[in-house]
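Biologist: I'm new to this one, so could you walk me through it and tell me what stands behind each label?

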Amino acid sequence: MAPKINFEFSIRKYGPSEEREVLALFRDGILEHVYPAFFRAMSNVDHLGLTLSISMAGYVLGGSSYFQAFFFGFAWAGLIYSCCHEIYNSYMMRRLNTDMADIESSYLENPDNGFWVAEADVNGQTRVVGIMGVMGKSEEEHGERFNDWNGGVSGSEIGQDTVDGSFGEVCHLVVAFPWRRKQLGSQLTRKALEFCKERGFTRLAVDLSSPQTAAISMYQKLGFVQTASHSNTHTNKWFSKLARINVVHLEKII
């Protein structure tokens, strides 16, 4: 029997009792991007051509063997999948060992940071169906990170040239699947904007991977603009190149 779902939700600050649910949602929310990133990479025209060429090479080297053609193509696809998985898994593990290792101290003990959960009723039980963190950043931190980005920077650089002061950065906005397209992501983002305004931040920023097209679209509808794009995924640079994944930086001035 399918669970009875009430799509009404409430947003409040994180409490330690939600840690297990929050971490589970965080893990699922990161790793779910692996398959879309893989299919997006494999559907790229260049990768399609390479896949065909590699399969043909297997066919020829195997003495007109269809098995060899399939094996070579499968091995190439496996390499691309491994690159996609490594990018998202390494990001997840890095955050689980840093800010997400102790959400309370990372987000609640610093007045410039915040962490919220969205709760809803599922079969008579209250469940966490959305999470979002905000970290306060200084322009100095942003400048240092901007200089560390590689792979080419594109877009307007309003974050560097025309805006001064500290700003907020969205971290880990994840919505459980049944609550997507129910405005929950937008409501969490508005909560982040309210928080940043209260803290006197000049803008709100977010980094997303290029395969997250739905999330990018949501932020753009809320008035965010892309200010940079780079390929520094904190893994081997060839993983990013083969997976064809970039990091998209969006901002909204408050």
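Modeller: Let's go through the overall make-up, one helix, the salt bridges and the cysteines.

Modeller: Keep in mind that this is a predicted model, where local features need pLDDT of at least 70, side-chain atom pairs count only at pLDDT 80 or more, and totals for chains, interfaces and linings use all residues. Residues are numbered from 1 along each chain as its sequence is written, and side-chain values use heavy atoms, with hydrogens and water left out.

Biologist: How many helices and strands are there in the protein chain?

Modeller: The protein chain has ten helices and seven strands. Both are DSSP runs numbered from the N terminus: helices are H or I with at least four residues, strands are E with at least two.

Biologist: What share of the residues counts as buried?

Modeller: Of the 254 residues, 44% do. Buried means under 20% relative accessible area, exposed means over 50%, and partly exposed is in between (1.4 Å probe, protein chains only).

Biologist: And which contacts hold residues 24 or more positions apart?

Modeller: Among contacts with a separation of 6 or more, 76% are between residues 24 or more positions apart. A contact here is heavy atoms within 4.5 Å.

Biologist: Why do you say that the buried residues of α2 line one face of the helix?

Modeller: Helix α2 spans residues 34–42, and its buried residues are Val34, Ala37, Phe38, Ala41 and Met42. Seen down the axis of α2, they fall within an arc of 125 degrees, so they line one face. That arc is taken over the directions from the helix axis to the C-beta atoms. Their cover includes α1 (19–31), α3 (45–61), α4 (66–96) and α10 (237–243).

Biologist: What makes Arg12 and Glu119 a salt bridge?

Modeller: The definition asks for a side-chain nitrogen of Lys or Arg within 4 Å of a carboxyl oxygen of Asp or Glu. The closest N and O atoms of Arg12 and Glu119 are 2.6 Å apart, so the pair meets that cut-off. Arg12 sits in strand β1 (residues 5–13) and Glu119 in strand β2 (residues 114–122), 107 residues apart. The structure holds seven salt bridges.

Biologist: Are Arg12 and Glu119 buried or partly exposed?

Modeller: Glu119 has 15% relative accessibility, so Glu119 counts as buried. Arg12 has a relative accessible area of 30%, so Arg12 is partly exposed.

Biologist: How do you know that Arg199 and Asp112 form a salt bridge?

Modeller: Their side chains meet at 2.9 Å, N to O, so they satisfy the rule too. Arg199 lies in helix α8 and Asp112 in the loop between α5 (103–108) and β2, so the pair ties together parts that are 87 residues apart in sequence. Arg199, at 36%, is partly exposed, and Asp112, at 27%, is partly exposed as well. As for shared partners, salt bridges join Arg12, Glu18 and Glu119 into one network.

Biologist: Why does the disulfide count come to zero?

Modeller: A disulfide is a pair of cysteine sulfur atoms within 2.5 Å, and by this rule the count is zero. Take Cys83: the closest cysteine sulfur, in Cys84, is 6.9 Å from the sulfur of Cys83, too far for a bond.

Biologist: What makes Cys83 buried?

Modeller: Cys83 has 2% relative accessibility, so Cys83 counts as buried. Cys171 counts as buried too, with 4%.
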